[in-house]
Amino acid sequence: MSRQTRLVVFALGAAGLGALMAWAFSGLPEFGHYAGRYGRIVAQLAVPARATTNAVTFTNFDLRAVDTMVEEFIVFTAAIAAVAMLRHQRGEPKRAASPDDVLKPKTSPALLVVGAALAGPTTVIALNLIAHGAITPGGGFQGGVVLAATLVVLVAAGARVRLPADKPPLLAEITHGLGAAGFVLLGLAGLVFAGAFLSTTWAGHGTPATLLSGGAIPLLNVATGLEVAGAIAVILGEFLEQDMLATDETEERDA
Amino acid sequence: MTVLAYGVAAWLFLIGLVGIVRSRNLIGVVICVSVVQSSTYVLLLAIGYRSGAKAPIFADIKPGTPVVDPVVQALTLTDVVVEATVTAVLLALAVQAHKRFGTLNPDEMAELHG
Amino acid sequence: MTAVQAVLLVLVAVAGTLLALTREPLRQAIVSAIFGLTLGLLFFALQAPDVALSQIVVGGVALPAMILLALAEVRAREHRDDDE
Amino acid sequence: MTALAPLVVAVPLLTAALIAALGRFVGGRLADLLALGATLACAGLLVAVLMRLHGGVETIWLGGWHPRAGVAIGVAFRLEPLGVGLALFIAALMVLALIYGSGSLDPEPPHVHVLSLVFLAGMVGFCLSGDLFNLFVFFELMSVSAFALTGMHVDEGAALEGSLNFAVTNTIGSFLAVIGIALVYARTGALNIAQAGHVIAQEPVDGLVAVALAFLVCGFLVKAAIVPFHLWLADAYAVAPTAICIVLAGAMSELGILGVVRVVFGVFGGPVAQHADAVRVVFVVAGLLTAVVGALMAYAQDHLKRMLAFVTIGHVGLFLAGVAMLSASGVGAIAIYVVADGCTKAALFACVGIVQRRLGHIRVSALRGRGRGLRFTGTAFVLAALISTGVPFTGPFLGKALLDDALSHGVGSWAVVVAIASTALIGAVLLRAAGCVFLGWRQGGPTGDYEPLTEPRPSTPVRMWAPIVVLLATAIAVGVVPGVRHAADNAAQRATNVSGALPSPPAHDHLLSLLTLAIAVGLAVFMLGHERLPKLTALRAIHSGRLGDYVALLCAGAAVFGGAFAVALGAGG
């Protein structure tokens, strides 16, 4: 197709889609007037059933925990995919010959100070988010991303990273694998101790608004936090490393 | 006001597609995919919103207070995570494609066709 | 609907449009961070703090970071090719 | 026992996570064994579940969340014979694929094993889930792992392009599905398929219902690769590792069709039943168009795997046409056809993998006559090609005969003629390729240069030919083992909630089948003997390999489907 034809085909299609959406959305309940039963029951159930004050976490990690398990594995898969696709290039002979390469990101002392100063508080925030998932907004996912971002900020700010040619940030990789495995194992614990896969009741009921409320929900949050932090760190690390590889090669040629 | 909320959702969907079709840069395509996806967040959250209701977190409010639908929020949360990962995979592919083809223009990398 | 929600909805639409129509990749990366944060604010206004937090850490931090890193990588290689 | 059903998802996922965490220490060989073990365990569990069901339906609530006051609040796995059977078929294919690829897939770290297991879990979960949003997350899981598996050969530019086109188009498709889910949730306040279907059946059909149906169906049809959403598939399957193609071509496209079954019979069963005739026309036209386009494009290919990719598209078109009958007999026919044809196609891909290994090339023109020494592979390829045309006493024969019957009752004999033409052309294309590669017969067009792309290897290991024997034996067995039809009939009824027994295939179907075979052989001989054949330039130009074109056609296709469903459901009128 020529670019012209493509744009015409698309314009017609998009016009059609727009019309369809307008037509469909006109059948939606008026904004602010939704009254579905499912949501109301869930909201009423969260505190009495599992002592979770955050009904969203209750939905994600208990009622519909299987969705979250699958979602964790989507994150997991993306990290594996990023490694599999980006890593390949590192097997190139030139780099394999010098396994003791130490990659030194260009950095400045100022950046280093800022990085180090940020790392402490953000780690605390991240752990806090993970720990309080069942009570207040946040949870394993949000905390995990912040944790991963902290790691990467540290690396980018100048912590020397030793990244031999074919070894990835091993710790991050192990963490995300174990986090993902942990979620499934907690699910299996539900099957063994409470008779249903991903049931959270086996770990007790707890008191509302305390750290240990919601049965196994806090544990699932920790597993998620590990998995997400590891996976995002792996992904960002892969991109960062690609970045340095490209810069490296440039410098070598310039020299 | 109903029109505005749902309209923004539809608009994001279409404008993201426009960006994908027009784009001559794979990284741009990936960004536009995330615009299309954001349309689904807006739609889901707009559907579950209830005027004057609180967030479905009972730490500060009494049980029984009207709250917005927690289920759509849970769905959207899952959706956001899916986006992050799909974007990561797409970006990795784009970077590799640049390595292989020396260009980010998707129209210049059709090795298989016909 | 409150005025805040209306304003944020419009902002999201505008930022999304800018993002989709921007052609220069680096500028796109920056606009994408703004778009991600605006969406996050809208979600707060829609009483969805959990989603808002996720959106801010993903759309405002992780995603732009990935895009910037990918771009930097591509540019370094282009720079190298130009030299040859 | 059925409470253990979630293990079929949990076991592969757990194994994948453990291999990923410890893979660096366990090594490729152990990873091979672990992956195979987990897949076998998954298959074994599925057999147990299937036996336990006794042909009935069971619902299990994950996390023990049973419905409250008649409202489903948890996520259900709906175990019924069709879904569990398809899941079992997928697990079995994955076993064969892992054996076929063992030792060759990826040395270390064992990424392919991890991704294959996740892919398996995604597909199996998709088959079992009885919840609309859960269906979507499993769908995404299988998609993301498939993108990665397809793009695995990162040294090849074509692999990247195929994977990119695959990923972007399928992602947009799944966004359409999410919008559909949001609309259904807004209308019904339910995500459980049965419950949502119950509410929708009681309310009048309006724009929201029609568009929700269209968007959900389009989301799944992108995966099934129905025209005009099919463009990505040929790019992706042509470049994926052959072992992965066995599962991709054998099962993944078919899951798109299963998604359509879930949506059409489950969520929108009420409105669709009311307007069955009109809805049938929409699906039949799309399905048969796909069958024809797939066959024509297969004919125009020189690249063997790309040819098989288009064969896959052609057959999926027939599957959709069968589902389009909106009857248990149509779905039952397809259940048989999917398994039998999936085995046949998997065998074809496996043969091509051997050709690639032994001869180091994959283009027919370059391979002419060079396959003479490959007696086993050549015989298997020809046998598979014949089976795929529906030779009597094989699985595809039974499936195809039942499909023809359902088509002629549902829409008329013209549909049967189209289906036969498509099948015959596909058979001819395969036989022509076999004649050219394995016998050195001439093929229209110039002979390409032969320069091995990869180092040719002197022998074929057992792990590569044994799966082909199993696959072909299964494809035949499906047609002759008694009880297959009864089981398929029952499974289809459970999945569709429609009653109506499968009729016996009438006697003339043997004749039809022999006719198809005769046309296929005749066409193949004709094509081998003639240099100047139509080039189909215009049709091929649409398959440009360009992402922008694909997305534009996707939008246009979704709009057309939306309009068609709006008219078919008589919404708004």
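Helix packing and the contact between chains A and D

User: In this predicted model, in a crossing of which hand does α2(D) pass α9(D)?
Analyst: The two helices belong to chain D, where α2 covers residues 81-101 and α9 covers residues 242-267. The crossing in which α2(D) passes α9(D) is left-handed.

User: How are α2(D) and α9(D) oriented to each other?
Analyst: The axes of α2(D) and α9(D) come within 7 Å and cross at roughly 165°. Angles over 145 degrees count as roughly antiparallel. The two helices, α2(D) and α9(D), are therefore roughly antiparallel.

User: How many charged residues are there in the contact of α2(D) with α9(D)?
Analyst: From α2(D), the residues that meet α9(D) include D:L86, D:F89 and D:L93. Among their counterparts in α9(D) are D:I244, D:V247 and D:L258. By class, the contact of α2(D) with α9(D) holds 14 nonpolar residues and 2 polar ones, and the number of charged residues is none: no charged.

User: Which elements make up chain A, helices or strands?
Analyst: From the N terminus on, chain A runs α-α-α-α-α-α-α-α-α. The count for chain A is 0 strands and 9 helices.

User: Which helix gives the largest share of the side of chain A that touches chain D?
Analyst: The contact draws 58 residues from chain D and 59 residues from chain A. On the side of chain A, at least two residues each come from α1, α2, α3, α4 and α8. The largest share, 15 residues, is supplied by α4(A).

User: How many nonpolar residues has the side of chain A that touches chain D?
Analyst: This side of chain A has 6 charged and 13 polar residues. Its nonpolar residues number 40.

Notes:
Residues numbered from 1 in each chain as written. Chains lettered and ligands numbered in written order. Predicted model: local features only at pLDDT ≥ 70, side-chain atom pairs only at ≥ 80, totals over all residues. Contact = placed C-beta atoms within 7 Å. Helix = DSSP H or I, 4+ residues; strand = E, 2+ residues; numbered from the N terminus. Nonpolar A, V, L, I, M, F, W, Y, C, P; charged D, E, K, R; others polar. Axes fitted to C-alpha atoms, helices over the stretch in contact; angles between N-to-C directions. Parallel < 35°, antiparallel > 145°, perpendicular 65-115°, else oblique. Left-handed = near helix turned anticlockwise from the far one by under 90°.
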